[in-house]
Amino acid sequence: MSLSDSETSSHGGDHQMFRQVTRDRLLHEMLKNSSKSHWKVLIMDKVTMKVMSASCKMADITDQGVSLVEQLFKGREPMPNMDAIYYIQPIKENLIMLISDMSGREPLYKKAFIYFSSPIPKDFVSKLKADSSVVPRIGALREMNLEYFPIDNQAFITDDERALEELYGDNAENSHQFEVSLNTMATRIATTFASLKEHPIVRYRVKGTSGSAETTFRDLIPQKLASAVCEHINTYKTTIPKFPPTQTCELLIVDRSVDLVAPVIHEWTYDAMCHDLVDLDGNKYVMEIPSKSGGDPETKEFLLEDHDSVWLEMRHLHIADASEKLSDKMDNLRSKNKAAQLQQKDSSELSTRDMQKLVQALPEYNQQMEKLSLHVELAGKINAKISEYGLRDLGQIEQDLVFGDAGYKELVEYLEENEDGNDENKLRLMMIYALADPENFTGEKATKLMEMANLPPEDMKIIENMRLLEGPKVVKEEKKGGFLHFERKTKKALRKDRQGEEETWALFRFFPVIEELIEKIEKHELPKDEYPCMNEPSSGLGAAGHAPKSNAQQSRRSRRTQAHGKFASDDGYSSDSVLKNAATDLKHMGQRIFVFIIGGATRSELRVIHKLTTKLRREVVLGSTSIDDPPQYITKVKMLSMAELDG
């Protein structure tokens, strides 16, 4: 019985993307290289079951000789002639169940190959050794150090849906759950670096560095998390073979307060609109398809995931662009596909050879048609909702408020002209205005605006709860400019237009703050007082070994337009450009940049990491406690003042 971690390293050789490394470790390092038996049983707990399902398909698992997948705490039949692979968390109840399975005269399995998802407590090995009947039945005992949940090729979550409530709620500071949540988060983040064999430079955001009010416990959360992650990393240097002794990548830890607009503003990509406007169950959509027997239509579940090539191509496109491309694809399939052409002929005109061609081509044609029909239906539903809710006008006022092109007067005019608007959309608009112009969203003015929007008093509480996330106010002199000041405009701005990038579509102007932060990491321009380093880079390393790049020649500034038509784009980093460059040589990718957002990430932030990976030639990985769509986020903000956490 030996205790060790993976000796697989991500350094050297071809660059593998984040999710692929995770998948390979689970399938090959754990399943393939453990028991030599032809067939074996895989046993997991609730957490590791979710990790596995987020990383691998069932077919992948069975290909590695797994004949049965079981849950640890569900009734299991004895299989004394088969080996078992245990992939479980190192917690007391799991250890008790494991010992129960493998002890005594009649163990459930022949041998147990044990893989813990995170570092084990010191007393675990001694407890296992205490039962003399268990020790000879253990084929392997290892720390797998893989307890995160990949949700994308370049993104993961720690699966803490209550992170905002547990860390930022009214009662959070005095709650036992505060420390539990923070420690679990740190452990799971750290296992991503253990899994990838990456040693990060760890930076974190400090709120209110000048002229601020007194620091609160909420303001220190990014620092506490950064410190806890560093403790794990320092341990890995002595416990994981071949773990890099010096830094190999960069990690920036922020919380949701870094950008409170991104979770509520309407993001106009196909991906975001699907999750915002369509009735999805996670990534699952149920659609009616023609019956193969010719009867009534059947229902079928579809997953909007990476294996769907149409989804991959469309997800980060503006909804108007995606709709156009889907229509073109459907027309092209119907006009050029051989099966489609043969189907259009009269059956009496078909020769035997034509019939053979039709039979051969139909399965592929039907599969392509089904996949395209799925996305055409989704795009159609989205466009219908856009018209029903008047989202173009709403999107315009949202972005005008964020960029300082509109203020109180324009907001009042919009509310007067749209009295019958959707309540959730009006609440989101109020939340944006409260952030863009907090001085004018107080007292009677705020009450008047809420009444004009026909929003109930309890919705004001949601807006007030944002203060728990904002932290202390930073007082800056207007003449100094800076992030919150926009000299060209008399109104206040939360964003400035991006220099050097043309808008491809109207209402595609908004960008999340992390886009600027990641670019500043690349250029070594992150302010040290606002983003201090928890573990200073090793001498001579610089920022993950990269020299600053000179600024590319910038094109003229993007301008706002009322039109909803297409513009020329020359940025080279839009989703279609990213897709064209997806197959580029990964050997020349720079070192990874990780950004972790406490309190939930958004679809716009997910889009940005793909864009910047291509632009910077460095794999950017997004981590968060969860991925939240606007309705989920609003519910979580509401819960900040309703939480009843264990004291």
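Student: If a pocket is an open set of points on a 1 Å grid over the protein atoms alone, where a 1.4 Å probe fits and protein lies on both sides within 12 Å along at least five of seven lines, and a volume is the space filled by probe spheres set on points joined across faces, edges and corners, what is the volume of the second largest pocket?
Tutor: The model is predicted, with local features needing pLDDT of at least 70, side-chain atom pairs counting only at pLDDT 80 or more, and totals for chains, interfaces and linings using all residues. Residues are numbered from 1 along each chain as its sequence is written, and side-chain values use heavy atoms, without hydrogens or water. The lining (residues with an atom within 4 Å of a point) numbers 43 residues, with Arg 19, Pro 150, Ile 151, Asn 283 and Glu 305 nearest the centre, and the volume is about 1200 Å³.

Student: Which elements, as DSSP runs numbered from the N terminus (helices H or I of at least four residues, strands E of at least two), each supply at least two residues of that lining?
Tutor: One contributor is a strand, β7 (149-152), and Pro 150 and Ile 151 are among the residues nearest the pocket's centre. The full list is α1 (18-32), α2 (46-55), β7, α9 (270-277), α21 (603-616) and α22 (630-639).

Student: Over what arc do the buried residues (under 20% relative accessible area) of α22 lie?
Tutor: The buried residues of α22 are Pro 630, Tyr 633, Ile 634, Lys 636 and Val 637. They lie on the same side of α22 because their directions from the helix axis to the C-beta atoms cover an arc of only 160°.

Student: Which elements are included in what covers these residues of α22?
Tutor: Contact here means heavy atoms within 4.5 Å. One covering element, α9, also supplies at least two residues of the lining of the second largest pocket. The cover of the buried residues of α22 includes α6 (163-168), α9, α16 (423-436) and α18 (457-470).

Student: Which residues does Thr 192 contact, leaving aside its neighbours within four places in sequence?
Tutor: Thr 192 is placed in helix α7 (residues 176-196), where it is buried, with a relative accessible area of 0%. With those sequence neighbours left aside, its contacts are Phe 18, Tyr 148 and Phe 156.

Student: What is the mean pLDDT, the predictor's confidence in each residue from 0 to 100, of the chain?
Tutor: Confidence stays under 50 over residues 6-10, a stretch with 18 contacts beyond four places in sequence. Over residues 540-584 the pLDDT is likewise below 50, with 84 contacts beyond near neighbours in sequence. Where pLDDT is low, the predicted coordinates should not be read in detail. Across the chain, 79% of residues reach 70 or more, and the mean pLDDT is 83.

Conventions. Points joined across faces, edges and corners; volume = space filled by probe spheres on them. Buried < 20%, exposed > 50% of the residue type's maximum accessible area, 1.4 Å probe, protein only.
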